[in-house]
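Here are some short exercises to work through with the viewer open. Try each task yourself before you read its solution.

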Amino acid sequence: VYVAPGVYTGVVTMKSYVDVRGASQESVIISYQGFSYETNGVVIGASNAELSSLTVQMNGSGDWGTCLAVPAGVENLRVSDVLIKYASGNFTGFFRGVYVAGKVDIRNSRITGDLDEITTSGAYGVYVAAGGTAYLDNVDVGVYTDEYSFGVFADDQAYQLTILDSTIVAFTDSPTGGAGVGIQFTWQTTVLSGCYIAGSQY
């Protein structure tokens, strides 16, 4: 499916074996508000499909803010040349650029969330849930909040996390003791190579 230049408001649910390719990252924006459930997303991935050359952004308030959701059971979702970003809105829960409960391969993309001075419990660039598998290659992740920020977070029951040649940054300026954690993971299920990783704690 080719997506022509434009701003599209709503949720996109991908189908297995159907690729979604935008005209360019700069000219195609898929945008929506926050959600009531943490597994919802502006784009919901599917097995054996590719998302490429567009922007997915969160633009509105809700309990949870997730741009790209990879549900459990999804296999071999590919993401390339995609900008995943927070644009605006307050969240009573957390903002997550990518929520991974299935299996996703992300390359040559950027995930960013500048939530400084925004009401939220915290933010994750990439959240790998129990059973999830994430492969990141040449991915730039940057998350900034007044509370807790995680560039990449892998649940201790996550299946596999691989990060190659990527930049992962998370910062906070919380006056009450928040933390900015570049990566939180379990060594036994994680591969890191050629990465720049940074975090800060108030």
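**Exercise 1. Overall build**

What percentage of the 202 residues of the protein count as buried? Work out the general build of the chain as well.

*Solution.* Start with the source of the coordinates: this is a predicted model. Its mean pLDDT is 89, and 92% of the residues reach 70 or more. Next, apply the cut-off for burial, which is under 20% relative accessible area. By that test, 52% of the 202 residues count as buried.

Now turn to the dimensions. Along the principal axes, the C-alpha atoms fill a box of roughly 45 × 35 × 25 Å. A compact globule with 202 residues would have a radius of gyration near 17 Å, and the protein has 15 Å, so the two agree.

Finally, look at the contacts between residues at least 6 apart in sequence: 80% of them join residues at least 24 apart.

**Exercise 2. Strands and their order**

Find how many helices and strands the protein has, and give the order of strands in the open sheet of seven.

*Solution.* Begin with the count: there are zero helices and 19 strands. Seven of the strands make up an open sheet with parallel pairing, in the order S3-S6-S8-S10-S12-S14-S17. Its edge strands are S3 and S17, each of which pairs on one side only.

Then zoom in on one pair. Strand S10 (residues 94–100) and strand S12 (residues 122–128) run parallel and are joined by six bridges. To locate one of these yourself, select Phe 95, whose bridge partner in S12 is Ala 123.

As a last step, check the confidence. The lowest mean, 90, belongs to strand S17 (residues 180–184), while S4 has the highest, at 98.

**Exercise 3. The nonpolar cores**

Identify which residues touch the most other members of the largest nonpolar core.

*Solution.* The largest core has 46 residues, and Leu 51 and Val 98 touch the most other members. Follow Leu 51 outward, leaving aside residues up to four places away in sequence: it touches Met 14, Val 20, Val 43, Val 56, Leu 68, Arg 78, Val 79, Ser 80 and Val 82. Another core, of seven residues, lies apart from the largest one; Tyr 124, Tyr 127, Ala 129 and Phe 153 are among its members.

**Exercise 4. Salt bridges**

Find how many salt bridges the whole structure has, and trace those of Arg 78 with Asp 19 and of Arg 107 with Asp 105 and Asp 137.

*Solution.* A search of the whole structure gives four salt bridges. Take Arg 78 and Asp 19, whose closest N and O atoms are 3.5 Å apart. The two residues are 59 apart in the chain, with Arg 78 in strand S9 and Asp 19 in the loop between strand S3 (12–13) and strand S4 (20–22). Arg 78 is partly exposed at 33% relative accessibility, and Asp 19 is partly exposed at 34%. Adding Glu 50 completes a network of salt bridges that links Asp 19, Glu 50 and Arg 78.

Move on to Arg 107. Its side chain meets that of Asp 105 in a salt bridge, with an N to O distance of 2.8 Å. Arg 107 also forms a salt bridge with Asp 137, where the closest N and O atoms are 3.5 Å apart. That pair spans 30 residues, from Arg 107 in strand S11 (residues 103–115) to Asp 137 in strand S13 (residues 133–145). Arg 107 counts as partly exposed at 33% relative accessibility, whereas Asp 137 counts as buried at 18%.

**Exercise 5. Two unusual backbone angles**

Locate Asn 48 and Asn 76, and determine the sign of phi in each.

*Solution.* Recall the background first: most residues other than glycine have a negative phi. Asn 48 has a positive phi of about 55°. This residue is in the loop between strand S6 (43–44) and strand S7 (49–59), and at 24% relative accessibility Asn 48 counts as partly exposed.

Now repeat the steps for Asn 76. Its phi is positive too, near 60°. Asn 76 is placed in the loop between strand S8 (65–70) and strand S9 (77–88), and is partly exposed, with a relative accessible area of 36%.

How values were computed: Residues are numbered from 1 along each chain as its sequence is written. Side-chain values use heavy atoms; hydrogens and water are left out. A nonpolar core is a set of buried Ala, Val, Leu, Ile, Met, Phe, Trp, Tyr and Cys residues joined through side-chain atoms within 4.5 Å. Buried means under 20% relative accessible area, exposed over 50%, partly exposed in between (1.4 Å probe, protein chains only). Contact means heavy atoms within 4.5 Å. Helices (H or I, at least four residues) and strands (E, at least two) are DSSP runs, numbered from the N terminus. pLDDT is the predictor's confidence in each residue, from 0 to 100. Two strands pair if DSSP finds at least two bridges between them. The radius of gyration is taken over C-alpha atoms; the globule rule is 2.2 Å times the number of residues to the power 0.38.
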